[in-house]
Amino acid sequence: MSAEDAIDEAIREFAKSSGVDGVVTGWVAIAATVSHDGEEDTSGIMTIYPHGSMPWHTALGIVEAARIRMHADFAAADER
């Protein structure tokens with residue numbers, strides 16, 4: 001099994017076990033990275049797509065929807 005297939009399977013299982021009502025129609029995994037060359041640190045972002053790629057408009061739609069949801073969740077938590 002490829003790493004992308006394992007991530008896909010894990011995301012679908014997580015959704016199912018979390019009680020998500022519906023089916024996973026797409027996903028984008030994003031990870032922060034840092035490298036150390038002995039003198040300075042360099043940070044970056046690693047993006048993983050199902051099967052290695054995804055149309056840009058689909059990926060950006062998923063990421064933007066997640067960004068909006070995260071902002072709303074954090075704002076709601078601040079109001080409590």
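How exposed or buried is arginine 12, judged by its relative accessible area? Arginine 12 is partly exposed, at a relative accessible area of 37%, and the points below take up this residue again together with other features of what is a predicted model.

1. Helix 1. This helix covers residues 3-17, and its length can be checked against its geometry: at 1.5 Å a residue, its 15 residues should span 21 Å, and because the end C-alpha atoms lie 21 Å apart, the expectation and the model agree. Helix 1 is followed by glycine 19, which has a positive phi, near 80°.

2. Salt bridge in helix 1. Two salt bridges turn up when the whole structure is searched, and one of them joins arginine 12 to aspartate 8, with 2.9 Å between the closest N and O atoms. Both partners belong to helix 1, where they are four residues apart, about one turn of the helix. An α-helix has 3.6 residues a turn, so residues three or four places apart point the same way. Arginine 12 is the partly exposed residue of the opening question, with its 37% relative accessible area.

3. Salt bridge in helix 2. Arginine 67 forms a salt bridge with glutamate 64, and here the closest N and O atoms are 2.7 Å apart. These two residues both lie in helix 2, with a spacing of three residues, about one turn of the helix. Arginine 67 has a relative accessible area of 39% and is therefore partly exposed, while glutamate 64, at 36%, is partly exposed as well. In general terms, side chains of opposite charge can pair when their charged atoms come close.

4. Negative patch. On the surface, Asp37, Glu39, Glu40 and Asp41 gather in a patch of negative charge. Aspartate 41 belongs to strand 2, which comprises residues 41-48, and this aspartate counts as exposed because its relative accessibility is 54%, where the cut-off is over 50%.

5. Nonpolar patch. Ile30, Ile45 and Val63 form a nonpolar patch on the surface, and together they have about 280 Å² of accessible area. Isoleucine 45 is a residue of strand 2, and with a relative accessibility of 61% it counts as exposed.

6. Histidine 51. This residue deserves a look at its backbone, since its phi is near 60°, a positive value in a residue other than glycine. Most residues other than glycine have a negative phi. Histidine 51 is placed in the loop between strand 2 and helix 2, the latter running over 56-79, and at 71% relative accessibility histidine 51 counts as exposed.

7. Distances across the chain. Threonine 58 lies in helix 2 and, with 31% relative accessibility, counts as partly exposed; its C-alpha atom is 8.3 Å from that of glycine 26, although the two residues are 32 residues apart in sequence. Alanine 75, also found in helix 2, is partly exposed, with a relative accessible area of 36%. Between the C-alpha atoms of alanine 75 and serine 2 the separation is 38 Å, and these residues are 73 residues apart along the chain.

Notes:
Residues are numbered from 1 along each chain as its sequence is written. This is a predicted model: local features need pLDDT of at least 70, side-chain atom pairs count only at pLDDT 80 or more; totals for chains, interfaces and linings use all residues. Side-chain values use heavy atoms; hydrogens and water are left out. Patches are made of residues with over 30% relative accessible area and no salt bridge: like charges are joined within 9 Å, nonpolar side chains (Val, Leu, Ile, Met, Phe, Trp, Tyr) within 5 Å. Accessible areas come from the Shrake-Rupley method with a 1.4 Å probe; for residues, only the protein chains shown count as cover. A salt bridge is a side-chain nitrogen of Lys or Arg within 4 Å of a carboxyl oxygen of Asp or Glu. Lys and Arg count as positive and Asp and Glu as negative; His and the chain ends are not counted. The place of a charge is taken as NZ of Lys, CZ of Arg, CG of Asp or CD of Glu. Buried means under 20% relative accessible area, exposed over 50%, partly exposed in between (1.4 Å probe, protein chains only). The expected span of a helix is 1.5 Å times one less than its number of residues.
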